[in-house]
Amino acid sequence: MELMNATGLRIDLPPGFTGMPVTGDDTMNARFALGVGEKVAAGAGRSTEDFAAALMALTPELKANGVRVFGKFAAGDGPEYLATLSLAVLRWPDADPEMLTLRRTAVADALLDVYRKKHPRADARVIRLPIGPALAAVVAGEYRLPPEFTGRPTEIVRAQAKVEYQIPLPDGESLAVLVVAAESETGWPAVAEAASRVARSLRPGTTEE
């Protein structure tokens, strides 16, 4: 379970999740990255330091996109069940918290319209989560691993299926974006089910919990 201090959100991460919170403090981020490297670098054929450095190379982009948690988990036995998870929290520009709090379903409908225009082939709809209305979308696409992350001379392009949840938060000021991507077609059903459990676990919380 990961407490999101900056936003007052709590989320139940999948069993076996290995990843790191992303903060505004790169010294702290480097410590988190080193901790992840100590756990998984050997299995990836990398040194702890190299793996941590690769994670740190990604953090500027993660921070720019509001990502607060990033990592991987397995929804079953075998590499085909590996999945990548990220959770971002974004602030609405010029938000009217009172209006947005009262009209969260209308906001989710508007998010759906925008998403369908950008991704016309996606299976997208508005659903109801315990935390409130949300856009849920499934889309097939590509995942690109940059050379600095893999240690190879060129980027690696992999086919993937992913589910994305965009959730207007009860504070009327923020949007949570949860993205879970499967690394193979074989593992997709189990990964999608795990993603649904994670999305349904998202809830307001406090540091006292």
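**Reading strands, burial and cavities in a predicted chain**

Guide: E4 and E5 are antiparallel partners, joined by seven bridges. Two strands pair if DSSP finds at least two bridges between them; helices (H or I, at least four residues) and strands (E, at least two) are DSSP runs, numbered from the N terminus. This is a predicted model: local features need pLDDT of at least 70, side-chain atom pairs count only at pLDDT 80 or more, and totals for chains, interfaces and linings use all residues. Residues are numbered from 1 along each chain as its sequence is written, and side-chain values use heavy atoms, with hydrogens and water left out.

Visitor: How many helices and strands does the chain have?

Guide: The chain has six helices and 10 strands.

Visitor: Where is confidence lowest, and where is it highest?

Guide: Confidence is read from pLDDT, the predictor's confidence in each residue, from 0 to 100. Strand E1 (residues 2-4) is at the bottom with a mean of 46, and strand E6 (residues 123-129) is at the top with 96. Residues 1-6 have a pLDDT below 50, and this stretch makes 20 contacts in the model beyond near neighbours in sequence; contact means heavy atoms within 4.5 Å. Where pLDDT is low, the predicted coordinates should not be read in detail. Over the chain the average pLDDT is 83, and 86% of the residues reach at least 70.

Visitor: What share of the chain is buried?

Guide: Burial is read from relative accessible area: buried is under 20%, exposed is over 50%, and partly exposed is in between (1.4 Å probe, protein chains only). By that criterion 41% of the 209 residues are buried. The chain exposes about 11,200 Å², of which carbon and sulfur atoms supply 53%; these areas come from the Shrake-Rupley method with a 1.4 Å probe, and for residues only the protein chains shown count as cover.

Visitor: What share of the contacts joins residues 24 or more positions apart?

Guide: Among contacts with a separation of 6 or more, such pairs account for 56%. Lys-63, in helix H2 (residues 48-64), gives an example: Val-22 is 41 residues away in sequence, yet the C-alpha distance is 6.9 Å. Besides Val-22, Lys-63 contacts Thr-23, Gly-24, Asp-26 and Asn-29, leaving aside neighbours within four places in sequence. Lys-63 is partly exposed, at 32% relative accessible area.

Visitor: Is Met-20 buried or exposed?

Guide: Met-20 is buried, with a relative accessible area of 2%. Met-20 belongs to strand E3, and its contacts beyond four places in sequence include Phe-32, Val-36, Leu-55 and Phe-70. Ala-33 is another of those contacts; its C-alpha atom is 6.6 Å from that of Met-20, across 13 residues of chain.

Visitor: How does E3 pair with E4?

Guide: Strand E3 (residues 18-21) and E4 are antiparallel, with four bridges. One of the pairs sets Thr-18 against Lys-72 in E4. On the E5 side of E4, Ala-74 stands opposite Leu-82. The loop between strand E4 (67-74) and E5 holds Asp-77, which is exposed at 74% relative accessible area. Asp-77 and Gly-187 are 110 residues apart along the chain, with 9.4 Å between their C-alpha atoms.

Visitor: Which strand does E5 join through nine bridges?

Guide: Strand E5 (residues 82-91) joins E9, and the two run antiparallel. Within this pairing, Ser-86 has Val-179 as its bridge partner in E9.

Visitor: Why is E9 described as largely enclosed?

Guide: In a regular strand the side chains alternate between the two faces of the sheet. In E9, Ser-174, Ala-176, Leu-178, Val-180 and Ala-182 point one way, Leu-175, Val-177, Val-179 and Ala-181 point the other way, and all are buried. Nine of the nine residues of strand E9 (residues 174-182) are buried, so the rest of the structure largely encloses it.

Visitor: How many cavities of 30 Å³ or more does the structure hold?

Guide: A cavity is a set of points, on a 1 Å grid over the protein atoms alone, where a 1.4 Å probe fits but cannot get out; lining residues have an atom within 4 Å of a point. Grid points are joined across faces, edges and corners, and a volume is the space filled by probe spheres set on the points. The structure holds two cavities of 30 Å³ or more. The second largest has a volume of about 30 Å³, and its lining includes Trp-92, Leu-100, Arg-104, Pro-168 and Ser-174. Ser-174 is buried at 2% relative accessibility, and it touches Trp-92 and Pro-168, among others.

Conventions
1 Å grid on protein atoms, 1.4 Å probe; cavity = no way out; pocket = protein on both sides within 12 Å on 5 of 7 lines; lining within 4 Å.
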